[in-house]
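Q: Could you take me through one part of this model up close, starting from a single side chain and working outwards? I'd like the numbers along with the picture.

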Amino acid sequence: KLLRHMLGNLLSNAVKYLFNGGTVRFYAARGEKVIHLSVSDQGIGLPPEDIPRLFANFFRASNVGNIAGTGLGLAIVKHAATQHGGEISVSSELGKGTTFTINLPRQDPPGHAH
């Protein structure tokens, strides 16, 4: 359930902050010990000064204008990632887009070989 909430939030945000005609990309890969997930968009991007506070409760980037939101989504995503023993990172360029990357340790079902 937490994984669905993480990806749902990141994909929803990517679409919400897109420019007209922009693209959202989702990437998933299974490494030997880690699952790599990323969501990229060609949206408004994030001001560099906002990135350190991005995952704080109720924080919203300074350039979101009138786009609706509570400022809780990314805090929930980060909490969910850490609850799974993983981590989340962000890279962004103002006016060009943002990529969120989640790395989670693999948890294969019992008896399942790699």
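**A close look at the Phe55 ring and its surroundings**

A: Let's start with Phe55, which is buried, with a relative accessible area of 17%. Keep in mind that this is a predicted model. The cut-off for buried is under 20% relative accessible area, so Phe55 makes it at 17%.

Now for the ring itself. There is 1 aromatic pair by the rule used here, and it joins Phe55 to Phe100: the ring centres are 6.3 Å apart and the planes sit at 80°, so this is an edge-to-face pair. For the geometry, centres have to lie within 6.5 Å and planes over 60 degrees apart count as edge-to-face. The two partners come from distant parts of the chain, 45 residues apart: Phe55 is in the loop between β2 and α2 (73-83), while Phe100 is in strand β4 (residues 97-105). Phe100 is buried as well, at 8% relative accessibility.

Next to Phe100 in the numbering comes Thr99, and that takes us to Ser40. Ser40 belongs to strand β2 (residues 34-41). Its side chain makes a polar contact with the side chain of Thr99, at 2.8 Å. If you skip neighbours within four places in sequence, Ser40 is in contact with Thr98 and Thr99, and also with Thr23, Val24 and Arg25.

What about charged side chains? The structure holds 1 salt bridge. It runs between Glu93 and Lys96, with 3.8 Å between the closest N and O atoms; the limit is 4 Å. On accessibility, Glu93 counts as partly exposed at 45%, whereas Lys96 is exposed, with a relative accessible area of 56%. Set that against the aromatic pair, where Phe55 is buried and Phe100 is buried too.

Last stop, the open space. The largest pocket holds about 430 Å³. It is lined by 29 residues, and the closest to its centre are Asn13, Lys16, Tyr17, Val64 and Leu74. Several elements share the job: α1 (2-16), β2, α2 and β4 each supply at least two residues of the lining. Of these, α1 gives the most, with 6 residues. So you meet β2 and β4 again here, both among the contributors to the pocket lining, after seeing β2 as the home of Ser40 and β4 as the home of Phe100.

Technical notes:
Residues are numbered from 1 along each chain as its sequence is written. This is a predicted model: local features need pLDDT of at least 70, side-chain atom pairs count only at pLDDT 80 or more; totals for chains, interfaces and linings use all residues. Side-chain values use heavy atoms; hydrogens and water are left out. Helices (H or I, at least four residues) and strands (E, at least two) are DSSP runs, numbered from the N terminus. A polar contact is a pair of N or O atoms within 3.5 Å; within protein, one must be able to donate a hydrogen and the other to accept it, and residues adjacent in sequence count only if both atoms are side-chain atoms. Contact means heavy atoms within 4.5 Å. Rings of Phe, Tyr and Trp (its six-membered ring) pair if their centres lie within 6.5 Å; planes under 30 degrees apart count as stacked, over 60 as edge-to-face and the rest as tilted. Buried means under 20% relative accessible area, exposed over 50%, partly exposed in between (1.4 Å probe, protein chains only). On a 1 Å grid over the protein atoms alone, a cavity is a set of points where a 1.4 Å probe fits but cannot get out, and a pocket is an open set with protein on both sides within 12 Å along at least five of seven lines; lining residues have an atom within 4 Å of a point. Grid points are joined across faces, edges and corners, and a volume is the space filled by probe spheres set on the points.
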